[in-house]
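Biologist: Could you put the model up, and I'll ask how you back up each label?

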Amino acid sequence: MGTWKSRGLRGSQLEDLINITNEVYLEKHLACVQKIPTPITPINMNEDHTQITLAYFNQKSTVDYIGVVQGIPVCFDAKECASRSWQLSNLHPHQVRFMEAFEQQQGISFILLDFTSLHEIYYIPFRDIRYFWERCQNGGRKSFSYDEIDHHYLVKSEKEMLVHYLVPLQRDLDQRDQTGSEAEDAD
């Protein structure tokens, strides 16, 4: 008997850890962030109608999570990578457009990327995603490597916050403030 493998279940362990973390954030009044379900239309159900056996996606999904952290809108996607290089084909143009539009409305967009073989999760700020994406669109590499990311954005666990992404989010906000101040000083 063959083994059934679903591409759709990749990342579910990371998402489970993020969901637990988000529950803790909510309980501690740190953030209100929710997993966004992908809208589907069921085609077939099992005999007792308790499980969908075949369905199709109604529309393209945007990102995995959306919410607010201390008054700051955030959206992000959770991704996993088994090697030291992450293929940008795992990110879709409509997702990049959504994250870009979210940023234009003063929100913060990012990816939480789990390098599973290294047991390390990184917060990838949208400015880096945009850089890698544009490089790819302009004929450059179709991936980015572990060595190219900013390792200051390592996501650590802290007590029951298993994927404590608020720490690198604060680092991102501080860097945005610093970059904004430098741009103002140059004017």
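Biologist: What makes you say strand 8 is largely enclosed by the rest of the structure?
Modeller: Buried means under 20% relative accessible area, exposed over 50%, and partly exposed in between, with a 1.4 Å probe and protein chains only. In strand 8, 5 of the 6 residues are buried, so the strand is largely enclosed by the rest of the structure. Strands here are DSSP runs of E with at least two residues, helices are runs of H or I with at least four residues, and both are numbered from the N terminus. Bear in mind that this is a predicted model: local features need pLDDT of at least 70 and side-chain atom pairs count only at pLDDT 80 or more, while totals for chains, interfaces and linings use all residues. Residues are numbered from 1 along each chain as its sequence is written, and side-chain values use heavy atoms, with hydrogens and water left out.

Biologist: How do you know that strand 8 pairs with strand 7?
Modeller: Two strands pair if DSSP finds at least two bridges between them. Strand 7 and strand 8 have 6 bridges in the antiparallel sense, so they pass that test. One partnership to look up is aspartate 114 with isoleucine 121 in strand 8. The hairpin of these strands has 4 residues in between, and histidine 119 there takes a positive phi near 60 degrees.

Biologist: And what links strand 8 to strand 10?
Modeller: They run antiparallel and are joined by 2 bridges, so the requirement of at least two is met. Tyrosine 122 has leucine 154 in strand 10 as its bridge partner.

Biologist: What makes strand 5 largely enclosed?
Modeller: Here 7 of the 10 residues are buried, so the rest of the structure largely encloses strand 5. Strand 5 pairs with strand 4 in the antiparallel sense over 5 bridges, and 8 bridges join strand 5 to strand 7 in a parallel arrangement. Across the first pairing, isoleucine 66 stands opposite cysteine 75. In the strand 5 and strand 7 pairing, aspartate 77 has isoleucine 111 as its bridge partner.

Biologist: Why is cysteine 75 called buried?
Modeller: Because its relative accessible area is 0%, and the cut-off is under 20%. Cysteine 32, with 38%, is partly exposed.

Biologist: How many disulfides are there?
Modeller: The count is 0. A disulfide would need a pair of cysteine sulfur atoms within 2.5 Å.

Biologist: Why is the contact between aspartate 172 and arginine 127 called a salt bridge?
Modeller: The label needs a side-chain nitrogen of Lys or Arg within 4 Å of a carboxyl oxygen of Asp or Glu. For aspartate 172 and arginine 127, the closest N and O atoms are 2.6 Å apart, so the pair qualifies. This one links distant parts of the chain: aspartate 172 is in helix 4 (residues 166–186), arginine 127 is in helix 3 (residues 126–137), and they are 45 residues apart. Aspartate 172 counts as buried at 0% relative accessibility, whereas arginine 127 is partly exposed at 27%.

Biologist: What separates arginine 176 from aspartate 172?
Modeller: About one helical turn, because they are 4 residues apart in helix 4. Their closest N and O atoms are 3.0 Å apart, and they form a salt bridge. Arginine 176 counts as partly exposed at 24%. A network of salt bridges links Glu103, Arg127, Asp172 and Arg176, and the structure holds 11 salt bridges.

Biologist: Which salt bridge does lysine 79 form?
Modeller: One with aspartate 77, where the closest N and O atoms are 2.8 Å apart. Both lysine 79 and aspartate 77 are buried.

Biologist: What makes a set of residues a nonpolar core?
Modeller: They are buried Ala, Val, Leu, Ile, Met, Phe, Trp, Tyr and Cys residues joined through side-chain atoms within 4.5 Å. The largest one has 24 residues, and Ile18, Phe110, Leu112, Tyr165 and Leu169 touch the most other members. Helix 1 gives the largest share, 4 residues. Another core lies apart from that one, with 22 residues, among them Val63, Cys75, Leu91 and Met99.

Biologist: Which residues does isoleucine 18 contact?
Modeller: Contact means heavy atoms within 4.5 Å. Leaving aside neighbours within four places in sequence, isoleucine 18 is in contact with Tyr65, Phe76, Ala78, Leu112, Val163 and Tyr165.
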